[in-house]
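I opened the notebook to go through the metal sites, the ligand and a few backbone oddities. Entries follow in the order I looked things up.

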Amino acid sequence: MLFNLKLFAKTEKISFTNDSAYVKFLLDSDTISKEISKIEKDLKLTFPKRLVNNFLSEKGSELKYHHNQSPDLIMINKVKFDKYFTADYFRNYFAGLIKSIKEENIKSLQIELPEFNSLKKYFSDESYLHQSVIEGCYLGNYAFNKFKSDAEKPKQLKINLHTKNSAKLKKTIQETENLIKAITFTKDLVNDPAISLTPKSMAAQTKSNLTKAGVKVTIFDEKQIKKMNMTAVLAVGGASDNPPRFIVMNYKPKVKTKKKIVLVGKGVTFDSGGLSIKPSDGMIEMKADMAGAGAVIGILYAAALNKLPIEVVGVVPAVENMISGNAYRPGDIVRTSSGKSIDIGNTDAEGRVILADALEYASKMKPDEIIDFATLTGACVVALGQNAAGILTHDDNLFTQVSNAGYKTWERVWRLPLWHEYHELIKSDLADVKNVGPRWAGAITAAKFLEYFVDENIPWAHIDLAGPAIHHKLNNYTDTYETGFGVRLIYEYLKQQA
Ligand code: BES
Ligand code: ZN
Ligand code: ZN
């Protein structure tokens, strides 16, 4: 955390105290220079001509003015509805702003929330517009300082959000703070290095945090995994001194629910590639190979904290893919709990192997739908970059709804095909299915492999988040740390399903 944030909903006229900053948005229009004059009048000051001219020019986007009275800092942002404007605008802006004021010695922010009326095209409702502002502040405030000896103690920062209906805003603040609590937990898990985050510690942390929120967490250790005949999980996890765990989370609200959804997440705490070892460049990010599990854990946490009226189960196979005398090998044939056999062509395609057991387990619960999350393939990142996750499903309705939640939350998904012809590519001469295909269509053959283990009567979607889960420079809130991708997306999706 950079700051210790405290958010308040305000309706009264803004009054500035010492060390405060003022944030306001102006829509790009013919009257914008008049609006600047009005701000000058209201604040009893005159901006330097140069700043105003820059701001008013075509390229100008921000007027940032350091004042020697309160407010000490004024930030006026010009909102332009050009082709670059997106629903992520305010989230991204505030994430950047929070980071930028770290050196400014500001104790409070007075934010005039943007007017919803002119933003209707981009936001379904006013609450979500406000939510995106709040998320931006908190997401920009995130830091993973667990291993920093010289980390500064976070300073207090008070944020007053000014709007017309403060009761509604108060609710939005509360809900969003719960969501952020869950996202922060996810990010802390994904950013934690594998020397510290093992299958066992991931299970223990999940249990202690989620239980408090009302989720029932069951942890199966390696002996119980063996009893359940999940030999695919055991094979992948066999080489590590950190033995596997199988985590099941159950969130069942008190009210009657329409649906039961099972979420499955790939929990590889480190992926060395196994005997089909990765080159160093490919291995460096592999502490994040449990980002799918992290997302599932965070989604369950958020649903429980905000008491969503929908039943959700989380299933996480957690292993470390390492090398030792007990490592599974290329050419091995392993069986899942249902007895289906897998021809191991490459030990680095380990995620799908553990997910096979997990998807069979999920199918047996006979839920209304299954969605799995996995940093599954480099091929998906080659196809889509880090801007979007791949989604593969036969269910058009499920796709549409997740996709819409993606545009709303700006955790976007893009569909890849699951046509039956692709199954040819993972046929094996020796076993029921092979864990790798040829070079082409890697994200699709991985999904076809998973499909083989899902009950075909249950609507299912696979989300490959290998790209957006890992830090990237596309947004102000994703540039330093692993992103926690998927929690905002599926929390919103679940809300729509309830
Ligand atoms: N964990 C990796 C996929 C990955 C790559 C995640 C980049 C995040 C960023 C996965 O287990 C893997 O190694 N997949 C192989 C599959 C191949 C051996 C068929 C890959 O994508 O190269
Ligand atoms: Zn791998
Ligand atoms: Zn992996």
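Before I start, a cut-off for burial: I call a residue buried under 20% relative accessible area, exposed over 50%, and partly exposed in between. The model is predicted.

**Entry: Lys307**

I began with Lys307. Its relative accessibility is 67%, so Lys307 counts as exposed. I found Lys307 in the loop between H10 and strand E11 (311-321). Its phi is near 50°, a positive value in a residue other than glycine. I noted the background: most residues other than glycine have a negative phi.

**Entry: Asn229**

I then looked up Asn229, where phi is also positive, near 60°. Asn229 sits in the loop between helix H7 (222-227) and helix H8 (231-237). With 45% relative accessibility, Asn229 counts as partly exposed.

**Entry: Ser70 to Pro71**

Next came the peptide bonds. Most peptide bonds are trans. The one from Ser70 to Pro71 is cis, and I read an omega near -5°. Pro71 belongs to the loop between strand E3 (62-66) and E4.

**Entry: zinc ion (ligand 2)**

Which residues coordinate the zinc ion (ligand 2)? I listed Asp271 (OD), Asp348 (O), Asp348 (OD) and Glu350 (OE), at 2.0 to 2.2 Å. Asp348 thus appears with both O and OD. Along the chain the donors follow the spacing D-x76-D-x1-E. I placed two of them on the fold. Asp271 is in strand E10 (residues 267-271), and Asp348 is in the loop between strand E13 (341-343) and helix H11 (351-364), so the pair ties together parts that are 77 residues apart in sequence.

I checked the geometry too. The 6 donor atoms around the zinc ion (ligand 2) subtend angles of 71 to 167°, and therefore the arrangement is irregular.

I also looked at burial. Asp271 is buried, at 3% relative accessibility. Asp348 has a relative accessible area of 23% and is partly exposed.

**Entry: zinc ion (ligand 3)**

I moved to the zinc ion (ligand 3). Its protein donors are Lys266 (NZ), Asp271 (OD), Asp289 (OD) and Glu350 (OE), at 2.0 to 2.4 Å. Their spacing along the chain reads K-x4-D-x17-D-x60-E.

Is the arrangement around the zinc ion (ligand 3) octahedral or irregular? Its 6 donor atoms subtend angles of 77 to 172°, which makes the arrangement octahedral.

How far apart are the zinc ion (ligand 3) and the zinc ion (ligand 2)? I noted 3.2 Å, with Asp271 coordinating both. I then traced another pair of donors. Asp289 lies in the loop between helix H9 (280-283) and helix H10 (291-305), and Glu350 in the loop between E13 and H11, so this pair ties together parts that are 61 residues apart in sequence. Asp289 is buried at 2% relative accessibility. Glu350 is buried as well, with a relative accessible area of 0%.

**Entry: ligand 1**

What lies around ligand 1? I counted 16 residues, of which Lys278, Asp289, Asp348, Glu350 and Gly378 come nearest. Asp289 is also a donor to the zinc ion (ligand 3), and Asp348 is a donor to the zinc ion (ligand 2). By class, the shell holds 5 nonpolar, 4 polar and 7 charged residues.

I went through some contacts. A polar side-chain atom of Lys278 is 2.7 Å from an oxygen atom of ligand 1. For Asp348, a polar side-chain atom lies 2.8 Å from an oxygen atom of ligand 1. At Leu376, a polar backbone atom is 3.5 Å from a nitrogen atom of ligand 1. Ligand 1 has 520 Å² of accessible area on its own, and the protein covers 76% of that.

**Entry: Lys408 and Asp88**

Two residues remained on my list. Lys408 is in helix H13 (residues 396-409). Its relative accessible area is 19%, so Lys408 is buried. The side chains of Lys408 and Glu492 are joined by a polar contact of 3.1 Å.

I found Asp88 in the loop between strand E4 (73-79) and helix H3 (89-100). Asp88 is buried, with a relative accessible area of 4%. From Asp88 to Tyr122 I noted 34 residues in sequence and 9.4 Å in space, C-alpha to C-alpha.

Technical notes
Residues numbered from 1 in each chain as written. Chains lettered and ligands numbered in written order. Predicted model: local features only at pLDDT ≥ 70, side-chain atom pairs only at ≥ 80, totals over all residues. Heavy atoms only, no water. Donors = N, O, S within 2.8 Å, 3.2 Å for Na, K, Ca; no water. Tetrahedral: all angles 85-135°; square planar, octahedral: opposite > 155°, others 65-115°. Helix = DSSP H or I, 4+ residues; strand = E, 2+ residues; numbered from the N terminus. Buried < 20%, exposed > 50% of the residue type's maximum accessible area, 1.4 Å probe, protein only. Near = heavy atom within 4 Å. Polar contact = N/O pair within 3.5 Å; in protein donor to acceptor, adjacent residues only side chain to side chain. Areas by Shrake-Rupley, 256 points an atom, 1.4 Å probe, with all protein chains shown as cover. Nonpolar A, V, L, I, M, F, W, Y, C, P; charged D, E, K, R; others polar.
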